[in-house]
Amino acid sequence: MEMGAVIIVAAALLGAGLAMIAGIGPGIGEGYAAGKAVEAIGRQPESRNEVLPLLLLGDAVAESTGIYSLVIALILIFVIAAPFMNVVKAALGI
Amino acid sequence: MSGDGPRIFFQLGPVPITETIVVTWIIMIALVIFAVIVTRNLRRVPKGSQHMAEIIVEGVGGYLIDNLMGPGNRHYVPFIGTIMIYVTCSNLIGTVPGFRAPTADLNTDIAIALLVYIVSNAAGIRSKGVIKYVKSFFEPFFLMFPINLVGELAKPVSHAFRLFGNMVGGIFIIGIMFMFVPWVIPSGLSLWFDIAQGMIQAFVFTMLAVAYIAVAK
């Protein structure tokens with residue numbers, strides 16, 4: 001019982017950390033989009049008001065995968081691992 | 001810690017009255033009072049607080065609706081404007097000590113996202129007609145139906161989780177930082193996550209709502 005709880009908590013926390021690797025993707029993507037937007041505004045400064053909402057919209061959509069991974073990490077920590085936390089703490093004597 | 005979710009104040013029959021609901025009531029009362037004060041005596045030439053209301057209406061109508069939906073869609077301004085004001089106030093109220101932003105509770109986000117989803121589909125049916133609307137699920141050819149269906153159902157989910165993930169992520173990072181450095185640094189992080197991110201995410205949420213309705217039309 002205790003061993004099982006320890007394994008579940010360890011696996012869930014490791015999984016949460018691994019899930020957040022997905023944060024790389026939105027970082028690269030949004031940086032690329034922002035760079036292109038700066039290029040566009042640099043070429044045509046008067047197009048600023050048209051480019052800015054499109055940039056934010058594109059960034060928001062590109063961010064989805066990162067948000068999904070964050071939600072999965074939160075579920076792993078606070079839904080899967082949290083109920084076993086007391087058993088693990090008792091087993092480890094903390 | 002902050003991972004416990006919103007506190008439950010009391011039970012009203014089977015419904016737990018949480019912090020989210022109480023803070024939402026406070027925001028609702030504040031917004032209703034604001035709206036009543038601002039529109040009490042409207043004039044053709046605006047004076048005093050009427051400027052503020054006109055800036056909000058013109059900003060939503062001119063900047064969001066006309067830019068993303070095209071002109072002639074100003075009847076969406078009340079709906080979109082309400083979402084924008086409410087989400088902005090909810091995100092910003094997280095800076096007040098003791099208040100938890102209602103948007104950091106998934107129930108609020110899912111509720112608004114489902115509202116936008118229903119409105120966007122209703123707008124699609126109204127502008128295209130039922131047959132064309134159903135047919136749009138079978139494009140480009142009929143085997144694409146499951147993919148189109150999943151794509152359509154993913155819209156409200158990603159819409160809600162985006163706001164929820166951003167707000168809750170901010171609360172968690174501030175909470176974890178608070179355990180290491182209880183002074184100075186959490187307030188700086190709060191400045192970024194609650195105020196800057198809160199306003200950006202409120203704008204993005206509103207803009208995505210407009211974009212979903214514009215795409216469905």
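Select helix 4 of chain B: with four residues, this helix gives the most to the lining of the largest cavity. Keep in mind that you are looking at a predicted model.

**Stop 1: the cavity**

Now show the whole lining. Pick B:Ala113, B:Val116, B:Tyr117, B:Ser120, B:Lys155, B:Pro156, B:His159 and B:Tyr212. How much space lies in the largest cavity? About 40 Å³. Do not hunt for others of this size, as the structure holds one cavity of 30 Å³ or more. Rolling a probe the size of a water molecule over the atoms is what shows where empty space is left.

Colour the lining by class next. Five of its residues are nonpolar, two are polar and one is charged. Then colour by element. Helix 4 covers residues 106–128 of chain B and helix 6 covers 145–180, and each supplies at least two residues of this lining.

**Stop 2: chain B as a whole**

Zoom out to the full chain. Chain B has seven helices and two strands. Trace the chain from the N terminus: the order is β-β-α-α-α-α-α-α-α. The two β elements come at the start, and the helices follow. Along the principal axes, the C-alpha atoms of chain B fill a box of roughly 60 × 55 × 40 Å.

**Stop 3: where chain B meets chain A**

Bring chain A into view and select the contact. Chain B puts in 19 residues and chain A puts in 14 residues. The two chains bury about 1,400 Å² between them, and carbon and sulfur atoms give 77% of that area.

Which elements of chain B should you highlight on the side that touches chain A? Choose helix 2 (50–68), helix 6 and helix 7 (185–216), which each give two or more residues. Helix 6 of chain B has the largest share of this side, at 10 residues. You met helix 6 at the cavity too, where it supplies at least two lining residues. By class, the side of chain B that touches chain A has 11 nonpolar residues, seven polar and one charged.

Now look for pairs across the interface. How many salt bridges are counted between chain B and chain A? The count is zero. One residue pair is in polar contact across this interface, with both residues at pLDDT 80 or more.

**Stop 4: a salt bridge in chain A**

Over all chains, the structure has five salt bridges. Side chains of opposite charge can pair when their charged atoms come close. For one such case, select A:Arg43 and A:Glu39. These two form a salt bridge, with their closest N and O atoms 4.0 Å apart. Why are they about one helical turn apart? Because A:Arg43 and A:Glu39 lie four residues apart in helix 2 (residues 24–43) of chain A.

Notes: Residues are numbered from 1 along each chain as its sequence is written. Chains are lettered from A and ligands numbered from 1 in the order in which they are written. This is a predicted model: local features need pLDDT of at least 70, side-chain atom pairs count only at pLDDT 80 or more; totals for chains, interfaces and linings use all residues. Side-chain values use heavy atoms; hydrogens and water are left out. On a 1 Å grid over the protein atoms alone, a cavity is a set of points where a 1.4 Å probe fits but cannot get out, and a pocket is an open set with protein on both sides within 12 Å along at least five of seven lines; lining residues have an atom within 4 Å of a point. Grid points are joined across faces, edges and corners, and a volume is the space filled by probe spheres set on the points. Ala, Val, Leu, Ile, Met, Phe, Trp, Tyr, Cys and Pro count as nonpolar, Asp, Glu, Lys and Arg as charged, and the others, Gly among them, as polar. Contact means heavy atoms within 4.5 Å. Buried area is the accessible area (1.4 Å probe) that two parts lose on being put together, summed over both. A salt bridge is a side-chain nitrogen of Lys or Arg within 4 Å of a carboxyl oxygen of Asp or Glu. A polar contact is a pair of N or O atoms within 3.5 Å; within protein, one must be able to donate a hydrogen and the other to accept it, and residues adjacent in sequence count only if both atoms are side-chain atoms.
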